[in-house]
Amino acid sequence: MRFCFHDEMQAVRMDPAEEPPSILWGLDPLFSAFARLYVRDILEMTESIQVPGIYFYNLHPIYKVDVLGTVVYKREREDFFCYGVDDSTGVINCLCWKSELLKEEQEESRKAVKSIGDGAWGGFDAVAELKKLKEAERQRCHLDIGDLIRVRGTVKTSRQQREIMASTYYKVDDPVMAVQISWMMEVPQLYRQCYDKQPNTASDSGISSLSKATNILKDFLKQKSVSRFRPYDVQDLLQPLIPSVPQTGSTADQAQQDSGGSSALRPVLRQTAPAAARHGEEPVAGPSACQQLRQLLKEALQTLQDDGVIYRKVKSQDEAYLVTERDKDLIMAVKDVIREDCRREKYLEKGCHVLHILSAVRQRYSPNVSRAALELVLRLLECDSNIISTSENHYTVV
């Protein structure tokens, strides 16, 4: 088997001082999962200085792996097999214990055969059937050089050699290479989406900066009853998440002069200050820090749009956002669509489907209304008893 793996698979060598504290390891989903790593990465992982037997790949704590490869050597002992598994990136020794349960079943089967006797009813040959079962079990557990094997187990270091102590292993029958092709497609995706990304466990609460930023904006919009705002109105709220960003007077002044939203926005712009200023230190401005702040704000606003909390009625250079649950015009437009269309014979009995309402609102009010925003408005109208849901996705007037 030969894998084509992505160029970014080389793990960054971790400084022992950068090792995250063990109390945070459980916050990383990879800690309790079987990581599908390449053999080369398993061999090069850094072992923890806090807990032996735990290894790190890009700061992800890992002790269980899942490997698919070809058997290139084997050794058999009384109680276990040793298989050398090659996935084309490296070869690792896999210690596969022989099944004790199989031995017990063999002893019990002998006793059962004696009790059955030679005169089995209906010509059923119990001895022959047991032999077939044992042979099938042996074929699954005993592999030869060149066979495809899948191994799941814990990573260990024995005699300065990295190896896998298998908890599950079996021979993979793959005559048309369907399993190997699927594996070759899935593993690079896991690397790009998970393994090569830094974990979020560095936070003291385990919550990512994006989640914190989203919650800060949600709380502010709710507490201040903001119905309309622009990005620079709320940008300073996220500065505590990036302490190196200095408070710029020009940004605050521009926000106060140009903001068309609630007057409650203005005092907030003066209340937030960077950590450096609060400690009496001179704030240091840096382009990278400012870019991080703008990027974090952009992602937080996009998350709020995806959730339907805010939306843009008109996409123009004036980047103004409307808060969905406080946009009276949008609520009235949705109510009018349902009231008018439910009079039609087509929707008289069951009501209007949510997709029909969404299409009508986009035509009559704004093409930028998302389904998430519409569903939020529908829930508000239903809570106020203005409409009722006749089924999962159909609504009609009361």
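1. Two strands pair here if DSSP finds at least two bridges between them. Helices (H or I, at least four residues) and strands (E, at least two) are DSSP runs, numbered from the N terminus. With that in place, glycine 69 of strand S4 stands opposite isoleucine 149 in S7.

2. Some ground rules. This is a predicted model, in which local features need pLDDT of at least 70, side-chain atom pairs count only at pLDDT 80 or more, and totals for chains, interfaces and linings use all residues. Residues are numbered from 1 along each chain as its sequence is written, and side-chain values use heavy atoms, with hydrogens and water left out.

3. Strand S4 (residues 64-76) has two partners to check. Strand S7 (residues 148-158) runs antiparallel to S4, joined by seven bridges. Valine 65 faces glycine 153 of S7. Strand S5 (residues 80-86) also runs antiparallel to S4, through six bridges. On that side, threonine 70 has aspartate 86 as its bridge partner in S5. S4 and S5 make a hairpin, with three residues between them.

4. S7 continues the pairing. Strand S8 (residues 161-171) is antiparallel to S7 over 10 bridges. Isoleucine 149, the residue opposite glycine 69, has lysine 171 as its bridge partner in S8. S7 and S8 form a hairpin too, with two residues between them. Arginine 159 sits in that turn, with a positive phi of about 55 degrees. As background for reading these strands, side chains in a regular strand alternate between the two faces of the sheet.

5. Threonine 89 deserves a look. It lies in the loop between S5 and strand S6 (91-97). Is threonine 89 buried or exposed? Threonine 89 counts as buried because its relative accessibility is 14%, the class being under 20% relative accessible area (exposed is over 50%, partly exposed in between; 1.4 Å probe, protein chains only). Its side chain reaches two backbone nitrogens: that of valine 39 at 3.3 Å, and that of arginine 40 at 3.2 Å. The polar-contact rule takes N or O atoms within 3.5 Å; within protein, one must be able to donate a hydrogen and the other to accept it, and residues adjacent in sequence count only if both atoms are side-chain atoms.

6. Helix H12 (residues 354-364) has a buried side. Val354, Ile357, Leu358, Ala360 and Val361 are buried. Seen down the H12 axis, these residues fall within an arc of 165 degrees, so they line one face of the helix. The arc is that of the directions from the helix axis to the C-beta atoms. What covers them includes helix H11 (328-341), strand S12 (352-353), H13 and strand S14 (394-397), where contact means heavy atoms within 4.5 Å.

7. How many disulfides does a search of the whole structure find? The count is zero, a disulfide being a pair of cysteine sulfur atoms within 2.5 Å. For cysteine 82, the closest cysteine sulfur is in cysteine 96, 7.9 Å away, so it is too far for a bond. Cysteine 82 is buried, at 8% relative accessibility. Cysteine 290 is partly exposed, at 26%.

8. Two serines merit a backbone check. Serine 225 is a non-glycine residue with a positive phi, near 55 degrees. It is placed in the loop between helix H5 (209-223) and strand S9 (228-229). Serine 225 is partly exposed, with a relative accessible area of 45%. Serine 385 has a positive phi near 65 degrees, again in a residue other than glycine. Its loop runs between helix H13 (371-383) and strand S13 (387-389).
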